[in-house]
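This report follows the strands, the loops that join some of them, and the division of the chain into domains. Please look at the sequence and the structure below before reading on.

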Amino acid sequence: MNNKCIHLKYRTKKGQRYLYCSLKKSAVTYDFCRECTDKEYKQYKPIRKRTYKQAKREKRRFSIIYPYLDKCCVCGAKTGIILHECIYGRNRQNSIKYGLVIPLCVNCHTGTNGVHNNYELDSYYHKLAQCKWEQVYGDRYEFIKVFGKSWL
Ligand SMILES: [Zn+2]
Ligand SMILES: [Zn+2]
């Protein structure tokens, strides 16, 4: 029963089940509850906690590479911006965590010469991200400990 008022309880007295309203502090009937204007419903979380946490992290993405995320960092375009994690794949969550994200337009992201199709550009941003990480968080040894390898 999903639309049950949160104040409505089932109680048993001398083997008899009855309805009790914890707001009115008295026994009530279904009809009374249905007409009651103080009815309140339990709030259900729409998404599971873990995905919610992840969604929140994705929404709060920040960059230690480029402070402004509303403009393509390659060509300066201001529309169709996609946030690209410089170190993606199995390190995507690490990249998000440490702010190794850059703003790219669709073209510079997945276009013919976009970072996902251009090895040199891709490698340039891996290196740039690592450089910035080492400036902000720690040395190379620590970078490798987190990301599993070095691009420099
Ligand atoms: Zn661009
Ligand atoms: Zn990407």
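Does Lys14 count as buried or exposed? The model is a predicted one, and in it Lys14 has 4 C-beta neighbours inside 10 Å; because a residue with 12 or fewer is taken as exposed, Lys14 counts as exposed. Its place is in the loop between β1 and β2, and its phi is near 50 degrees, which is a positive value in a residue other than glycine.

A second lysine can be described in like terms. Lys25 lies in the loop between β2 and β3 and, although it is not a glycine, has a positive phi of about 55 degrees. Lys25 counts as exposed, with 9 C-beta neighbours inside 10 Å. The table sets out the two loop residues.

| Residue | Loop | Phi | C-beta neighbours inside 10 Å |
|---|---|---|---|
| Lys14 | between β1 and β2 | near 50 degrees | 4 neighbours |
| Lys25 | between β2 and β3 | about 55 degrees | 9 neighbours |

The strands that these loops connect belong to an open sheet of 3 strands, in which the order is β1-β2-β3 and the pairing is antiparallel. Strands β1 (8-13) and β3 (26-28) each have a single partner strand and stand at the edges, so one side of each is left without a neighbour in the sheet. From one strand to the next, the twist averages 55 degrees. Between β1 and strand β2, which covers residues 16-21, the antiparallel pairing extends over 6 bridges, and among the residues involved Leu8 has Cys21 in β2 as its bridge partner.

Another antiparallel pair is formed by strand β4 (residues 81-85) and β5, which are joined by 5 bridges. Here the bridge partner of Ile81 is Cys105 in β5. Strand β5 itself, made up of residues 101-105, is mostly covered, with 5 of its 5 residues buried. The burial concerns both faces of β5, since Val101, Pro103 and Cys105 are buried on one side, while Ile102 and Leu104 are buried on the other.

As for the chain as a whole, the domain assignment gives domain 1 as residues 1-44 and domain 2 as residues 52-147. How far apart do the C-alpha centres of domain 1 and domain 2 lie? The distance between these two centres in the model is 53 Å.

Notes
Residues numbered from 1 in each chain as written. Chains lettered and ligands numbered in written order. Predicted model: local features only at pLDDT ≥ 70, side-chain atom pairs only at ≥ 80, totals over all residues. Pairing = 2+ DSSP bridges. Axes fitted to C-alpha atoms, helices over the stretch in contact; angles between N-to-C directions. Domains from an automatic or database assignment. Buried ≥ 20, exposed ≤ 12 C-beta atoms within 10 Å, placed from the backbone.
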